[in-house]
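I opened a notebook for this structure. The entries below follow the order in which I looked things up.

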Amino acid sequence: MLSPVEQFPVLVVAISLFSAFTILIAGQLNKKSCCFISIAAILVQLVMSFFILNHVLTKGTIHYWLGGWKPPWGIEYLVDVLNAYVLVIILFLGLLCALHAKSSIEHELPELSHKIVPFYTIYQLFIAGLCGVTVTGDIFNMYVFLEILSLAAYALVGSKGGMALRASFTYLVMGSIGACFFLLGIGFLYSVTGSLNIQDLSLLLPPLYGNRVVQAAFIFFIVGLGIKMAVFPLHTWLPEAHPAAPSSISAMLSGIMIMVGFYALIRVLFTLFPLYYNYGLILLILGLLSMTVANLFAYFQNDLKRLLAYSSIVNIGIIATGVGVAAYILSTVAEPSKTPPEAASLAMAGALLHILSHGVAKAMVFLGSGNIHSSIHTRELSKMGGIGRDMPYSGYSMTVGLLSLLGLPPLIGFWSKFLIIMSVAMALRSVGGVVILTTFILLLFNVIYAAAYYLKVTKVLMIESGAVRTHEAPFPMVFSVVVFAFFCLIGGLFPISLIRLAVRASLTILGGG
């Protein structure tokens, strides 16, 4: 008999789906009810996610069989420390972005009031997709939820109309290509194993690693999820889609959606292909290229949201580098043990902590840019000189977010970057070699280079002058960015609990947890 908390994973997904239909019906009677239903639903889900996280930390992994069908025949929702951790991040960001959208959508879609109902309906489907990808233990079910969130994202990006439709179409084409690769990989694995359950596949695949079909599936997973994550050179949709979307959606796309794609990649690679193909080197190459190329583009952007979009690719590169270092270190261990090397667990923990630190800080800065746009109706940095002084809550909160992305202590962004850099330094001593040395040099270079444009934006917002005089954004829009700013500060001043949680999550996927 399952306890009430063990029922929560399926309820987290069901509540989003049910609330989407509720909004669709209730919105026909009263459009103002849409945002309140959305906020209430996500708040309930967030509370449930905290109970789920506490359960997996204290009592162990949750296994929920849909319809009572035992896997591998039925669909299983499997929640361990890793996906419980990601689930909390999704719903925390989703709640504050929904609060922000209450006012920001009225400013960004003023002439499109008839779109309020479909906007919140699709937003709830978007949340359902994110939660579903995270909690499922079935790889085909993961694909289904990945498509639900992707289709919702395409619609949300294009909700403004005009040029946003072009960005949405580019995103749709690239996303569909990525989905095809991912689905082909699933089909190939099913053709040789007859199973779709991720845990079952992890037992069936090892004797088949030399099979060409399995090798092709591995490549398809890398390419398909690489497009969803927007790693270089598969990133071309992101700099178009994120600036075109409403600010609350840009915050979710950049703050968590591409990170959920990365969660899916970690889950698939480390569970189904534990280091057989030495994908640590592949992740390192993709991560370092993403960081370097996106950094070069970001510095020269005058469009604030476009600059932040390139910054997201940089941070995907940082996370890929952390995960790549962990995988590369494990691939060099002569005799695998139950406990992974300290440098590997530290690198993975840094990458997972960076999912949180980047998600919070980037969502905050995107929401802050929406506050500015609602006041002066521009995204051009050259027209924002000193705007932060007229909008002090938004301006100072954005400054905290930018400095956290920069990695300045005592903010939370410092600790995630510090863990990754320290793990590479430890690997330099224990593993050595040209690969680790190159990683260390390029990682330091990119972290320092990125600081230049974060400081440039901060200087424009808070020190320079030239912007049109204006006033602070409405309370719901200000509230979200201020909460994010406090989280960055408190998480940076008292990071021990978050670091321990990230380490537990890293040991879950690396072994030893």
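Entry 1, confidence. I began with pLDDT, the predictor's confidence in each residue, on a scale from 0 to 100. The protein chain averages 87, and 96% of the residues score at least 70. Among its elements, I found the lowest mean pLDDT, 83, in helix 9 (residues 238–244) and the highest, 93, in helix 2 (residues 33–58). Helices here are DSSP runs of H or I with at least four residues, strands are runs of E with at least two, and both are numbered from the N terminus.

Entry 2, ground rules. This is a predicted model, in which local features need pLDDT of at least 70 and side-chain atom pairs count only at pLDDT 80 or more, while totals for chains, interfaces and linings use all residues. Residues are numbered from 1 along each chain as its sequence is written, and side-chain values use heavy atoms, with hydrogens and water left out.

Entry 3, salt bridges. I counted five salt bridges, each being a side-chain nitrogen of Lys or Arg within 4 Å of a carboxyl oxygen of Asp or Glu. One of them joins Asp-80 to Arg-267, with the closest N and O atoms 2.9 Å apart. Asp-80 sits in the loop between strand 2 (76–79) and helix 3 (81–108), and Arg-267 in helix 10, 187 residues apart. I looked up burial next (buried is under 20% relative accessible area, exposed over 50%, partly exposed in between; 1.4 Å probe, protein chains only). Asp-80 is buried at 7%, and Arg-267 is buried at 6%.

Glu-147 and Lys-228 also form a salt bridge, at 3.6 Å from N to O. Glu-147 belongs to helix 5 (residues 139–157) and Lys-228 to helix 8 (residues 212–229), 81 residues apart. Glu-147 is buried at 16%, as is Lys-228 at 8%.

I noted Arg-379 with Asp-303 as well, at 2.7 Å between the closest N and O atoms. Arg-379 is partly exposed, at 27% relative accessibility.

Entry 4, cysteines. How many disulfides are there? I found zero, taking a disulfide as a pair of cysteine sulfur atoms within 2.5 Å. The sulfur of Cys-34 has its closest cysteine sulfur in Cys-35, 7.4 Å away, so the two are too far apart for a bond. For Cys-488 the closest cysteine sulfur is in Cys-97, at 13 Å, which is also too far. Cys-34 is buried at 0% relative accessibility, and Cys-488 is buried at 0% too.
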